[in-house]
Structures are given as structure tokens and as C-alpha cells.
Amino acid sequence: MDFKLAKRKRMNTNSGTVTINYGNGDVYEGATAPHGIGKMTYKDGRISEGIWKNGNIEYEGELADGKPHGRGKKTYSSD
């Protein structure tokens, strides 16, 4: 995700969350950066919700107390 494409960014300082509206119609809501727990709603209606790291979803699926729990998919980086 190219953060330079962000059109509008709104931060809620009380909860430490951010809403980023991208120029292509995608919307990210969640932890700042995106890094942490958040949800990306794509223009085509798809939703990716889970744990993000450096703008990429690292875990998508069920969470409990902010940690992977139940059904989900873990993505590993080749770095």
C-alpha cells in the first residue's frame, strides 16, 4: 500500500486509531501506520481485517484480545 496515495487521514487521538481514505477508493481504519490491528475496505467491497505490519496484512482472521485466535491466515514475509 502506497501511503503517498492517501487523500485524507483522520486521527482519533483518544483511541490511537486512524482512518485513511486513499485516492483509489480504499479505506483503512485502525491502528496508525497501518501497523497493528485494523481493517482495509477495498473499493470493490472486499474487506481485509486483522493484524497489519508496515502496510501489509500479516494475519487475517479471528482475533481475541488483539491476538490471532481461531480461524485465520498468517502471511510470512520473505525478508
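**Strands, a core and one aromatic pair**

Of the contacts in the chain that link residues at least 6 apart in sequence, just 7% join residues at least 24 apart. The model here is a predicted one, and its make-up is easy to describe: the chain has 7 strands and 0 helices. Going along the sequence, that reads as β-β-β-β-β-β-β. The chain has 79 residues, and 27% of them are buried. About 5700 Å² of the chain is exposed, with carbon and sulfur atoms supplying 47% of that area.

What sits inside? In soluble globular proteins, nonpolar side chains tend to be buried together. Here, the largest nonpolar core takes in 9 residues: V18, I20, Y22, Y28, A31, M40, Y42, W52 and I57. Strand 2 (17–22) and strand 3 (27–31) each put at least two residues into this core. Strand 2 gives the largest share, with 3 residues.

Aromatic rings come next. Searching the whole structure turns up 1 aromatic pair. It is made by Y28 and W52, and it counts as edge-to-face because the ring planes meet at 85°, with the ring centres 5.7 Å apart. Since Y28 belongs to strand 3 and W52 to strand 5, the pair ties together parts of the chain that lie 24 residues apart in sequence. Both Y28 and W52 are buried, and both are also members of the largest nonpolar core.

Another core member, Y42, has a charged neighbour: R46 lies over the face of the Y42 ring, 4.3 Å from the ring centre. Setting aside residues within four places in sequence, Y42 is in contact with D26, I47, S48 and W52. So Y42 touches W52, one half of the aromatic pair, whose rings sit edge-to-face.

S48, one of those contacts of Y42, is part of strand 5 (residues 47–53). Is S48 buried or exposed? With a relative accessible area of 9%, S48 falls under the 20% cut-off and is therefore buried. Beyond its neighbours within four places in sequence, S48 is in contact with G38, K39, M40, Y42, I57 and E60. Among these, M40, Y42 and I57 belong to the largest nonpolar core.

Finally, there is a glycine in a loop. G55 is found between strand 5 and strand 6 (56–64). G55 is buried too, because its relative accessibility is 4%. How far is the C-alpha atom of G55 from that of G36? The two atoms are separated by 9.4 Å, while the residues themselves are 19 apart along the chain.

Methods. Residues are numbered from 1 along each chain as its sequence is written. This is a predicted model: local features need pLDDT of at least 70, side-chain atom pairs count only at pLDDT 80 or more; totals for chains, interfaces and linings use all residues. Side-chain values use heavy atoms; hydrogens and water are left out. Helices (H or I, at least four residues) and strands (E, at least two) are DSSP runs, numbered from the N terminus. Buried means under 20% relative accessible area, exposed over 50%, partly exposed in between (1.4 Å probe, protein chains only). Contact means heavy atoms within 4.5 Å. A nonpolar core is a set of buried Ala, Val, Leu, Ile, Met, Phe, Trp, Tyr and Cys residues joined through side-chain atoms within 4.5 Å. Rings of Phe, Tyr and Trp (its six-membered ring) pair if their centres lie within 6.5 Å; planes under 30 degrees apart count as stacked, over 60 as edge-to-face and the rest as tilted. A charge sits over a ring if NZ of Lys or CZ of Arg is within 6 Å of the ring centre and within 35 degrees of the ring normal. Accessible areas come from the Shrake-Rupley method with a 1.4 Å probe; for residues, only the protein chains shown count as cover.
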